[in-house]
Structures are given as structure tokens and as C-alpha cells.
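The following note sets out some points on the model under review. The remarks concern its domains, its ligand surroundings and one of its sheets.

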Amino acid sequence: MLIQQKVAYINLNDRSISPQILSEDIIRKFIGGRGINSYLLYHHLAPGIDSLDAENVLIIGAGALTGMRGVTTARLTISGKSPESGLLGDANIGGHFGAALKKAGFSYLVISGVSPAPVYILVSEGKIALEDAKDLWGKDTIESGEFIKERYGKGAQSLTIGQAGERQVRFACVMHGKKNAAGRSGMGCLMGAKGIKAIVAMGDNGEISPAFPEEFKAYTKELYQKINDEFIIETFRNYGTAHLYDIINNTIGMGRAYNGLNSAFPENKDISPENLAENYYTGKSPCFSCGIACKHAYKIKEGPFAGTENEGPEYGTIGHFGPLLGIGRLEPILKINDLVNRYGLDVSSTANLIACAIELFQEGVIDKDTTGGIDLDWGEEKAVIELIEKIALREGFGDLLARGARELSKMWQGFSDKIAWGKYLPQSDPADLRYMKAYALGNAVATRGSDHLRSRPTWEAFNLPEEQLQEIYGGQVSSDYLSYEGKGRVIWWWESYAGLFDALGMCKLLAFHCLPGVFDFEVFANLIKWGIGLELSPQEVFEVGERITTVERMFIAREGVRREDDFPSERYFKPLKWTEGVDESLKDEKLDRECFDEMLNEYYQLHKWDVETGIPLPETVEKLGLGKEELTVQDAG
Ligand code: SF4
């Protein structure tokens, strides 16, 4: 028996609400979560509209397994046309909201129109109401979540925007709890533009039952046994993702420091995971049904930031607000983490824009007249804190930065050369792309813009035997991460692999950090069978991943994205500008354009997209069943 997935179409213009049930055909093709979101976005949005137009839709979509007691089955994807890039927007979030939404009766909310006055959307016991949000407007994200719990009780879970989303900062994010962030591509801006301050799910219908409860439970137990044997999982439990900073910066040596002018940052003792764990961690805050619990709470006990409390910070926050800005002290980073979470600002875009502004200021392209008197220099934590506040509240120089990278590239000469970005989105990961070639390709072709969460081929760093790589990827792949050989194939495969985690609603921390053999397409097929009651072969499951990437590619292709948009930033094709402190063997490493071109050809050919343009071929669209007429929803009455 197939587990149904219900979608509510909410039109804020006329306040109409229409519940529907997704057809089996759609579920078979996209499974859930990001997959269904991307399909709905492609088919419900006219090409070429302005992302802040009322016609744009905000889609909230829980994974197919989200809400079941599975392995990290907590995740939810928020999608829409991105106000930041003007292209595909989506962001994934953990915590407890996804499970609560499912328990409250819906897997998806598709929201169109604009509310004339701020509202919050209340989902409870299979019903949806639009409520007046004037009491919430102006509060930060954490205050908003607490206010909602006071009003509806502890079981009420919410997605909220902060002051940044209210003011339509282009890279505002959607938050849940203290630090769960749907960070990328400005979904908080879109929510603010629609006049939605929060979405509340009461989730009091009980836990979601899988299609085959006994089998699903036994399989979950089996998977957790395998996960617990993985060498790195205990480290996540102890240090969160903060320890990745150590691996990427200090072990592999591919961090980004000083806006990526260097990849070495020797002033790193204070921002170590050990310092964080020993002196600041106060407890844990795991997502729904997560037996790993990588999320830690922290508090600063003394000094100028005494009393600051939040959760995290993640590796990305440490890397972006640490070395990327030349900051080597942990406490300012903990303060900044609290600020961006409260205001609801995306970490990667905020930090990359500030880093870029510092470099431009240092080179004299912009001066104090532009910054409103702020002196911009590396390691100036006070200036960074001031700028974050100004961005969120859209004051002075902050208002300029709040317009986002796409707009700034038209205003400041040399901006495009100084920012690491792709498809108008600043790079999500504070890692230098010169070294791991597959990693560079994955970032460059990512359908939502420069992004490590679409593929992130972590196994590249493990030096696995080539016979094993051949078995995994189905073709010749070099085990040398500096090599280009077979890396188009690696990314083609990883995109499907990561896509399935998003479709199922599972945490990609497992995708990226478990060694081969824990998860594969056969495991996904079993989870789909026991979880939602669909029989698919591992090959058919792989095709689900291809379908997700291809429908997203169709979305951006009709907005004008072509092959020339699938290259990393120009600076990665040259050696580092500063090299002091960099591992000698990597000192002159850079991307080679001809080799990158070949890697891109291989990637397109495997996807069966046109090699000249990067547009999916008509026969590919037909084979994957991506024509509109085949994908319909049934009225749920
Ligand atoms: S591993 Fe961490 S981020 Fe992933 S589901 Fe668990 S607590 Fe959440």
C-alpha cells in the first residue's frame, strides 16, 4: 500500500486553500522532498517571472520518509525561484518542523500570491488557517519561535523569518529553532515578500507510520548498526561538524582564507573544535529521529560577548566567519553565529559578500564614502558585526550588500572577479576548488548555483582503490583527487546519490561521511519499499536522482543557463595569490580549462544532455517522463 502524500495549494491573494493528493506517478518519479518540490516548481511557474512577483511560489516539502522513525528522517526542502540568483532556489532544513508538518496532515505546501498584511500559516489536524502576524512582525527568529510555543504549546513547531527576511534581504534564510537554517538562495526573502512571518505545524496527529512498520523498524536498526561502526560518526557526536574545519584546513589544506587569496590560515588554534567542545559546549539538540546528534548548544560565559547562547557553529560558519575574513578568534564567531541565526541571514552569502567588500576596499575600488565610514580590513571582528547588523536592518552600506551578489556585480567594477560564485550564488562551502577536481565540477554544475550540497564527493579524499571506484561508479575513475580522469562520472553519480537523501528526507551528513557500503541505491530501494510501499529496482531509484537533477536543469535552462555558466570562478584557473603557509606540493595547483572542459563533456554525456549547450536532450526528457501531461495531481476534496 502506497503511503499518500498530500499537498495544499494556498493562494494568499484570495486566501483560498486547495488540498490535493499527489498521484502515484509523481511519487514513483520523484519520491518526495526536493524531488517533488523541483517538479512542482518547474510545472507551476511560468519562465521569466521576477522572483519577487506574486506569481512566484514558495514550496515547503517534507521528504518521503520524514516523520517516520527512521535514520535521520527529519529533513524538509523549501523551494521557489530564487530572489538571490534569479534562478533555481531551494534550501534544506532539519530539526522537528518536517515531522510536525507531516503529522499535521500535509507533506507539501505550495504558496502563491502576496498577503496584504503579515500573516502566519497554521497547519493543524489536516486543516490550514491564515492568522494575523502583527504580534510577531519585528521579532527575531528565535523570539518568534518562542512566541509561537507560548501561544500554542511546546508541540508547535515553526519556520520563521527574522528582520532580514522581513526587509527582503536577498539572501535571507528561513529558520527553525535556534539554528536550523534553510540557508541558501534567499527563501527567507521570498517568504518575507509574500508577507509570511511564520509557518506553524501543530503535529499532534501522532507519529507517521511506515507502509511496513516491522520491516522498516528492523531495517532502521540494521542501518544504525552499520553507521555506528563508521570511524567518523563518533567524532561528529563529540564535536559536531566543527571538526571538519580541522580536516579541510589543517589536514587537506584546501580551506579558503582572506576571501580565498590564500588557503592557509596558521592563526587557527583558538578556532579549534577542541576549544569549542571543552570551553563552550553545554548540551545537545538533535533533529527528529537522529541517533547521531551532531548539533551542540553553546554558551559564552565571560568577556565582551558573555551570555551569548545558541547552537553550532557548523564547519561552514567557522570557515566563513573565521579564515575567509581573517578572523582567528572563536568568541566573535560564536557571537556572529548567534546574530546571523537571529536575523535570519545565510552564512555563506553574508560572509562571501563581506570578504569581497574587504578585498575591494583594500584595493581601493571602494572607500569610506561607500562603506559609510567603516574601515574594512582582514580580522576586524567589530566591523564584521556592525556590517551584519546593517545588512539585516538594511541600513547604510548594509543596504547595498543586502541586494546580493547578482546586483552588486552590476554596481562595482571588478566585483565578479573577486567573488567565488556560480550562477549568481556565492560559494556555499569555504573550501578552495583548485585541488579536488571532482569537487570543483560538482560546485560548478550545481543546479542552484555554486554549491557543495548537490554532490560533495567526499570519497575522493579517501584514496580508495580504483577497482572499488569502478564498481561504485560503473566506469574508470582515477583515485587521485588532483586528477580529472573520470570525475565527470563521479559527479553524475553523486548528484543522484545526494538527490535521494533529499527526496527521502534524510540527512546528507551521512551521505558525505559514511564510507561506501553503508548507503547505496539498493538501500534506498529497501527504504522506499518498507517506508512508503513502492517497489523500485536500484536502477530505477538511480533514475529518480537523474530525474531530479534533470528537471532542475530544465528549470534553469529555460531561464537561460548554458554550458558557459558551468565553470567555477575565474580565480580558480590561476594559482593562489598568496602562498605563504600553503603545502608546497599544492602551491601552484590550479584548474586547467581544457581538462575542465573534458570533465564537463563527460558529465553532460552521462546525463544525456546536449554537450554544446548543457540543455537536456528531448529524448532524455521523454525517457525520464518529464513531460507535463504525465504528471498530474488528484483533487483531495
Ligand atoms: S546528523 Fe546532525 S544535522 Fe543531521 S539529522 Fe542528526 S542532528 Fe540533524
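1. In this predicted model, the centres of domain 1 and domain 2, taken over C-alpha atoms, are 26 Å apart. The domain assignment places domain 1 at 6-201, domain 2 at 245-425 and domain 3 at 434-635.

2. Contact between domain 1 and domain 2 involves 35 residues of the former and 29 of the latter. On the side of domain 1 that touches domain 2, α4 (141-152) and α5 (163-166) each contribute at least two residues. The largest share, three residues, is supplied by α5. By class, this side of domain 1 comprises 12 nonpolar, 15 polar and eight charged residues.

3. Residues surrounding the ligand include Thr-72, Ala-74 and Gly-94. Also among them are Pro-286, Cys-287, Cys-290, Ile-292, Ala-293, Cys-294 and Lys-295, together with Cys-507 and Leu-509. Domain 1 and domain 2 each provide at least three residues of this shell. Its composition is nine nonpolar, two polar and one charged residues.

4. An open sheet is formed by three strands in the order β13-β14-β15, with antiparallel pairing. At its edges lie β13 (281-284) and β15 (309-311), each of which pairs on one side only. From one strand to the next, the twist averages 25 degrees.

5. Within that sheet, strand β14 (residues 296-299) and β15 run antiparallel and are joined by three bridges. Ala-297 has Glu-311 of β15 as its bridge partner.

How values were computed. Residues are numbered from 1 along each chain as its sequence is written. This is a predicted model: local features need pLDDT of at least 70, side-chain atom pairs count only at pLDDT 80 or more; totals for chains, interfaces and linings use all residues. Domain bounds come from an automatic or database domain assignment. Two residues are in contact if their C-beta atoms, placed from the backbone, lie within 7 Å. Helices (H or I, at least four residues) and strands (E, at least two) are DSSP runs, numbered from the N terminus. Ala, Val, Leu, Ile, Met, Phe, Trp, Tyr, Cys and Pro count as nonpolar, Asp, Glu, Lys and Arg as charged, and the others, Gly among them, as polar. A residue is near a molecule or strand if its C-beta atom, placed from the backbone, lies within 6 Å of it. Two strands pair if DSSP finds at least two bridges between them. Axes are lines fitted to C-alpha atoms, for helices over the stretch in contact, and angles run from 0 to 180 degrees between N-to-C directions.
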